[in-house]
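Welcome! Open the structure viewer, keep the sequence beside it, and try each exercise before you read its solution.

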Amino acid sequence: MRRPGLFRMRPGYSLMEVLIAVAIIALLAALIAPRLFGQLDSSQVTAARTQIRMIETALDTLRLDVGRYPTEEEGLAMLVTPPADLIDIWNGPYLDGGLPRDPWGTPFQYRPASSPSRRGVVYSFGADGQPGGEGSAADIYSRGAGPDDDGGQS
C-alpha cells in the first residue's frame, strides 16, 4: 500500500547528464569529421588515378588492334564505338560497361599526343570539374603526367 504524499524515485538520467553526453559526442564529431572527409577526398583521387590507368590500358590494346591511338575528334569514344573506316579491324569494345566517369561524375578527358604512335594523356578535371584548381579540385593525371605532357611514352 502506498502512502499519500510520498513518491517513488525512478531511475533515469538528469538533464545535466544528457547535456554532457551530447557535448562529448559533438566534440568527438568535430575532431574526427575533418579527418574522415580528408580520407574521402584522397580515396576519390586514388580511384580516379586507377580509372585513368584502366583507360590507358584499353587505349594500348586498341592501338595493338588498329595500329594507332584515337585522334582528338574520335576521343575516348573510340574505345566503345568503332569508327566507320576501322570497323573491320576494331575488336572492341575495349571497356566493359561503356566509358566510365570520374568519381565526381564528370567524363574523363583525352588529349592525343603529337605523334600517332604515342598514347596521349587521359585526365580528370578533379572535384570542381574545371581545368586547373588546387587540392581536391586539381586536375588528376596518372604516372606523373601533367597538363603540358605529350603522352609520356617514347
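What percentage of the 154 residues in the chain is buried? Keep in mind as you work that this is a predicted model.

**Exercise 1. Get an overview of the chain.**

Step 1. Start with the question above: buried residues make up 28% of the chain.

Step 2. Next, find the secondary structure, which comes to one helix and three strands. Reading from the N terminus, you meet the elements in the order α-β-β-β.

Step 3. Now look at the outside. The accessible surface of the chain is about 10,500 Å², and carbon and sulfur atoms account for 58% of that surface.

Step 4. Finish with the contacts between residues at least 6 apart in sequence: 50% of these join residues at least 24 apart.

**Exercise 2. Work out how the three strands are arranged.**

Step 1. Find the order of the strands. They form an open sheet, β1-β2-β3, with antiparallel pairing.

Step 2. Which strands are at the edges? They are β1 (109–111) and β3 (140–141), each of which pairs on one side only.

Step 3. Check the pairing of β1 with β2, where three bridges join the antiparallel strands. Here you can spot Tyr110 opposite Val122 in β2.

Step 4. Turn to the other pair. Strand β2 (residues 121–124) and β3 run antiparallel and are joined by two bridges. In this pair, Ser124 stands opposite Ile140 in β3.

Step 5. Are the residues on the two faces of β2 buried or exposed? Val121 and Tyr123 lie on one side, Val122 and Ser124 on the other, and all of them are buried. Both faces of β2 are therefore covered, given that buried means under 20% relative accessible area.

**Exercise 3. Explore the largest nonpolar core.**

Step 1. Here is a helpful idea to begin with: in soluble globular proteins, nonpolar side chains tend to be buried together.

Step 2. Find the core members that touch the most other members. In this core of 20 residues, they are Ile55, Leu59, Leu62, Leu76, Leu79 and Val122.

Step 3. Which element gives the most to this core? Helix α1 (residues 15–66) does, with eight residues.

Step 4. Zoom in on Leu76. Leaving out residues up to four places away in sequence, Leu76 touches Ile55, Leu59, Leu99, Phe108, Gln109, Tyr110 and Val122.

Step 5. Move on to Leu62, which is found in helix α1. Leu62 counts as buried because its relative accessibility is 0%. Beyond its neighbours within four places in sequence, its contacts include Gly67, Leu79, Trp90 and Tyr94.

Step 6. Compare sequence with space for Leu62 and Ile89. These two residues are 27 apart in sequence, and their C-alpha atoms are 9.8 Å apart.

**Exercise 4. Find a nonpolar patch on the surface.**

Step 1. Select Met16, Ile20, Ile24, Leu27, Leu28, Leu31, Ile32 and Leu36, which form the patch. Together they have about 820 Å² of accessible area.

Step 2. Is Leu36 buried or exposed? This residue of helix α1 is exposed because its relative accessible area is 56%, and exposed means over 50%.

**Exercise 5. Trace the salt bridges.**

Step 1. Recall that side chains of opposite charge can pair when their charged atoms come close.

Step 2. How many salt bridges does a search of the whole structure find? The search finds three.

Step 3. Look at Glu56 and Arg119, whose side chains meet at 3.9 Å, N to O. Glu56 is in helix α1 and Arg119 is in the loop between β1 and β2, 63 residues apart. Both residues are buried.

Step 4. Now see Arg119 with Asp60, a salt bridge of 2.8 Å, N to O. Asp60 is in helix α1 and Arg119 in the loop between β1 and β2, so this pair ties together parts 59 residues apart in sequence.

Step 5. Compare how covered the two partners are. Arg119 is buried, at 5% relative accessibility, whereas Asp60 is partly exposed, at 26%.

Step 6. Put these pairs together: Glu56, Asp60 and Arg119 are linked in a network of salt bridges.

Step 7. Add the salt bridge between Arg68 and Glu74, where the closest N and O atoms are 2.8 Å apart.

Conventions. Residues are numbered from 1 along each chain as its sequence is written. This is a predicted model: local features need pLDDT of at least 70, side-chain atom pairs count only at pLDDT 80 or more; totals for chains, interfaces and linings use all residues. Side-chain values use heavy atoms; hydrogens and water are left out. A nonpolar core is a set of buried Ala, Val, Leu, Ile, Met, Phe, Trp, Tyr and Cys residues joined through side-chain atoms within 4.5 Å. Buried means under 20% relative accessible area, exposed over 50%, partly exposed in between (1.4 Å probe, protein chains only). Helices (H or I, at least four residues) and strands (E, at least two) are DSSP runs, numbered from the N terminus. Contact means heavy atoms within 4.5 Å. Two strands pair if DSSP finds at least two bridges between them. Patches are made of residues with over 30% relative accessible area and no salt bridge: like charges are joined within 9 Å, nonpolar side chains (Val, Leu, Ile, Met, Phe, Trp, Tyr) within 5 Å. Accessible areas come from the Shrake-Rupley method with a 1.4 Å probe; for residues, only the protein chains shown count as cover. A salt bridge is a side-chain nitrogen of Lys or Arg within 4 Å of a carboxyl oxygen of Asp or Glu.
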